[in-house]
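Please read the following points with the sequence and the 3D view side by side, and turn to each named residue as it comes up. The points move from strand pairing to side-chain contacts.

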Amino acid sequence: MKLVEIFDSIDGEGIRAGELTTFVRFAGCNLRCTYCDTDYAQTLHQAKDVSPETILEKIREIGNHNITITGGEPLLQKALPALLDRLTDYHVNIETNGSQNIVPFQRENTLITMDYKCPSSGEEHKMLLDN
């Protein structure tokens with residue numbers, strides 16, 4: 001998995017806004033929105049190759065019960081389903097841009113927060129409306 005960073009902070013979006021969470025930020029994005037606020041996570045050159053188990057160890061070390069998976073676009077990570085299967089004891093929130101199929105990532109303990117890209121992004125045509 002292409003990891004940029006893991007850190008704890010207050011969740012600012014979605015149903016758990018205001019709660020302490022561990023953010024797991026992955027590298028790589030398939031969109032180039034005009035207003036991107038995480039340019040540093042778009043490319044893979046700043047990322048570290050890590051296993052789902054390594055990420056889980058760091059999550060356990062930090063100790064928060066809420067986990068927010070973000071990017072870039074985290075649904076591009078091929079091993080993300082394997083990581084999600086290891087996070088059954090946590091409340092997981094995946095922040096996605098809406099261009100990738102969310103079905104393979106849905107779990108009982110997982111929320112999907114979708115940031116649908118409007119026309120001003122320059123990427124609305126890439127949104128997957130079935131989501």
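1. A good place to begin is Ile 6, whose bridge partner in S2 is Val 24. This belongs to a longer pattern, in that S1 and S2 pair in the antiparallel sense over seven bridges. Please keep in mind throughout that the model is a predicted one.

2. Strand S1 also pairs with strand S3 (residues 48–49), and here two bridges join the strands, which again run antiparallel. To find this pairing in the view, look for Leu 3, whose bridge partner in S3 is Lys 48.

3. How many aromatic pairs does the structure hold? The structure holds one aromatic pair, formed by Phe 7 and Phe 23, and it is described as stacked, with 5.1 Å from centre to centre and 10 degrees between the planes. The pair links distant parts of the chain, since Phe 7 lies in strand S1 (residues 2–10) and Phe 23 lies in strand S2 (residues 20–26), 16 residues apart. As for exposure, Phe 7 counts as partly exposed because its relative accessibility is 25%, whereas Phe 23 is buried, with a relative accessible area of 8%.

4. Glu 95, which has its place in strand S5, deserves a careful look, for this residue is buried and yet has no salt bridge. Which side chain of opposite charge is nearest to Glu 95? That side chain belongs to Arg 25, and it is 6.0 Å away; a salt bridge requires the nitrogen and the carboxyl oxygen to be within 4 Å. Glu 95 does, however, have a polar contact of 2.9 Å that joins its side chain to the side chain of Thr 70. Leaving aside residues up to four places away in sequence, Glu 95 touches several others, among them Asp 11, Glu 13, Phe 23, Ile 69 and Thr 113.

5. The structure holds eight salt bridges, and one of them is formed by the side chains of Arg 107 and Asp 85, at 2.8 Å from N to O. This pair, too, links distant parts of the chain, with Arg 107 in the loop between strand S5 (91–96) and strand S6 (110–114), and Asp 85 in helix H2 (residues 80–86), 22 residues apart. Arg 107 counts as partly exposed because its relative accessibility is 21%, and Asp 85 is likewise partly exposed, with a relative accessible area of 46%.

6. A further salt bridge joins Glu 53 and Arg 60, whose closest N and O atoms are 3.9 Å apart. Glu 53, at 33% relative accessibility, counts as partly exposed, while Arg 60 is exposed, with a relative accessible area of 51%.

7. Finally, Lys 126 and Glu 123 form a salt bridge in which the closest N and O atoms are 3.3 Å apart. Is each partner buried or partly exposed? Lys 126 is partly exposed, because its relative accessibility is 35%, but Glu 123 is buried, with a relative accessible area of 6%. Elsewhere, salt bridges that share partners join Glu 53, Arg 60 and Arg 86 into one network.

Definitions and conventions: Residues are numbered from 1 along each chain as its sequence is written. This is a predicted model: local features need pLDDT of at least 70, side-chain atom pairs count only at pLDDT 80 or more; totals for chains, interfaces and linings use all residues. Side-chain values use heavy atoms; hydrogens and water are left out. Buried means under 20% relative accessible area, exposed over 50%, partly exposed in between (1.4 Å probe, protein chains only). Helices (H or I, at least four residues) and strands (E, at least two) are DSSP runs, numbered from the N terminus. Rings of Phe, Tyr and Trp (its six-membered ring) pair if their centres lie within 6.5 Å; planes under 30 degrees apart count as stacked, over 60 as edge-to-face and the rest as tilted. Lys and Arg count as positive and Asp and Glu as negative; His and the chain ends are not counted. A polar contact is a pair of N or O atoms within 3.5 Å; within protein, one must be able to donate a hydrogen and the other to accept it, and residues adjacent in sequence count only if both atoms are side-chain atoms. Contact means heavy atoms within 4.5 Å. Two strands pair if DSSP finds at least two bridges between them.
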